[in-house]
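Let's take a walk through a protein model together. Have the sequence and the 3D view side by side as you read.

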Amino acid sequence: LQVRILATGKRLWLRFGGTLVLGDDGQAVVAVVTFHDVTGRVNAERALNENRQRFQSLFDHNVDAIYALGLDGKFLLANAACEAISGYTIAELTDSSYIPLINPVHLQTTKYHFERAARGEPQKYETAIYHKDGSVIDLNVANVPIIVDDIVVGVYGIAKDITVRKRMEHELWEQREHLRLALESGKLGSW
């Protein structure tokens, strides 16, 4: 049983126990009550719980895809944004490899960055995946090693959908190229 008391303006958590000392006739002679200050443990448990809730909130409510991969490249965790970006449910992603999702043009680069993160080196790069509907989704990805007791046990990923930006960049390049060709073919100069 834990009790919260105030002592000199501080909040303390105490655990107490007790026992009865019986006389020869079996009657209680003395009650022995012990108190143990467990404030440090309770505060540590509360801080740990708060940190878990903060991480869970960051994970659950993030607009970017956040996921965890095992060292074998299989999804361990994925948030709702992962589901929205890929079209696959969290259940479909869990225990499946990331490799079939990757556009083959980007597969070697993506594997390279995953492997470096799995060796403990954070990575940032661009790649592309296939949405469940077959469309290509361009991503900006950060891979961060998951380190437990000084050992890399997996890789976190944070992926931002940059498909619209990439398409706009391509359209702008095409327009510039058309303008350049028009200027060259018309032998017009620029002032």
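A helix has an expected span, which is 1.5 Å times one less than its number of residues. Keep in mind that this is a predicted model, and try the rule on helix α1. With 22 residues, α1 should span 32 Å, and its end C-alpha atoms are 31 Å apart, which agrees. Within α1, the residues Thr 39, Val 42 and Phe 59 are buried. There is a handy rule for reading such a helix: an α-helix has 3.6 residues a turn, so residues three or four places apart point the same way.

**Aromatic pairs**

Now look for rings that sit together. Two rings pair if their centres lie within 6.5 Å, and by this rule the model holds five aromatic pairs. One of them joins Phe 55 and Tyr 156: the ring centres are 6.3 Å apart and the planes meet at 50 degrees, so the pair is tilted. Which parts of the chain does this pair tie together? Phe 55 belongs to helix α1 (residues 39-60) and Tyr 156 to strand β8 (residues 151-161), so the pair links parts that are 101 residues apart in sequence. Phe 55 is partly exposed, at 38% relative accessibility, and Tyr 156 is partly exposed as well, at 30%.

Another tilted pair is made by Tyr 98 and Phe 114, with 5.2 Å from centre to centre and 45 degrees between the planes. Tyr 98 sits in the loop between α3 (90-93) and α4 (107-118), while Phe 114 is in helix α4, so this pair ties together parts that are 16 residues apart in sequence. Here Tyr 98 is buried, with 8% relative accessibility, and Phe 114 is buried with 7%.

Rings can also gather in a group: Phe 55, Phe 59 and Tyr 156 form one aromatic cluster.

**The core and its cavity**

In soluble globular proteins, nonpolar side chains tend to be buried together. The largest nonpolar core of this model has 21 residues, and the members that touch the most others are Tyr 67, Phe 75, Ile 129 and Leu 139. Which elements give two or more residues to this core? They are β4 (65-70), β5 (75-78), α2 (80-86), α4, β6 (123-130), β7 (136-148) and β8.

Take Phe 75 as an example. Leaving aside neighbours within four places in sequence, the contacts of Phe 75 include Tyr 67, Leu 69, Leu 93, Tyr 98 and Leu 101.

A search of the whole structure also finds one cavity of 30 Å³ or more. The largest cavity has a volume of about 250 Å³. Its lining has 20 residues, and those nearest its centre are Tyr 67, Phe 75, Leu 101, Ile 129 and Leu 139. The elements that give two or more residues to this lining are β4, α2, α4, β6 and β7.

**Two buried polar residues**

His 131 is found in the loop between β6 and β7. His 131 is buried, with a relative accessible area of 18%. Beyond its neighbours within four places in sequence, His 131 is in contact with Ala 84, Ile 85, Ser 86, Gly 87, Tyr 88 and Ile 137.

Asn 140 lies in strand β7. Asn 140 counts as buried, at 18% relative accessibility. With neighbours within four places again left aside, the contacts of Asn 140 include Lys 124, Tyr 125, Glu 126 and Ile 158.

**Residues in loops**

Three acidic residues in loops are worth finding in the view.

| Residue | Loop | Relative accessibility |
|---|---|---|
| Asp 95 | between α3 and α4 | 56%, exposed |
| Asp 150 | between β7 and β8 | 77%, exposed |
| Glu 121 | between α4 and β6 | 28%, partly exposed |

What is the phi angle of Asp 95? Phi of Asp 95 is near 70 degrees, a positive value in a residue other than glycine. Asp 150 has a positive phi too, near 65 degrees, and is again a residue other than glycine.

For Glu 121, compare sequence and space: Glu 121 and Ile 90 are 31 residues apart in sequence and 27 Å apart in space, C-alpha to C-alpha. Not counting residues up to four places away in sequence, Glu 121 touches Arg 116 and Pro 145.

How values were computed:
Residues numbered from 1 in each chain as written. Predicted model: local features only at pLDDT ≥ 70, side-chain atom pairs only at ≥ 80, totals over all residues. Heavy atoms only, no water. Phe/Tyr/Trp six-rings, centres within 6.5 Å; stacked < 30°, edge-to-face > 60°. Helix = DSSP H or I, 4+ residues; strand = E, 2+ residues; numbered from the N terminus. Buried < 20%, exposed > 50% of the residue type's maximum accessible area, 1.4 Å probe, protein only. Core = buried A, V, L, I, M, F, W, Y, C linked by side-chain atoms within 4.5 Å. Contact = heavy atoms within 4.5 Å. 1 Å grid on protein atoms, 1.4 Å probe; cavity = no way out; pocket = protein on both sides within 12 Å on 5 of 7 lines; lining within 4 Å. Points joined across faces, edges and corners; volume = space filled by probe spheres on them.
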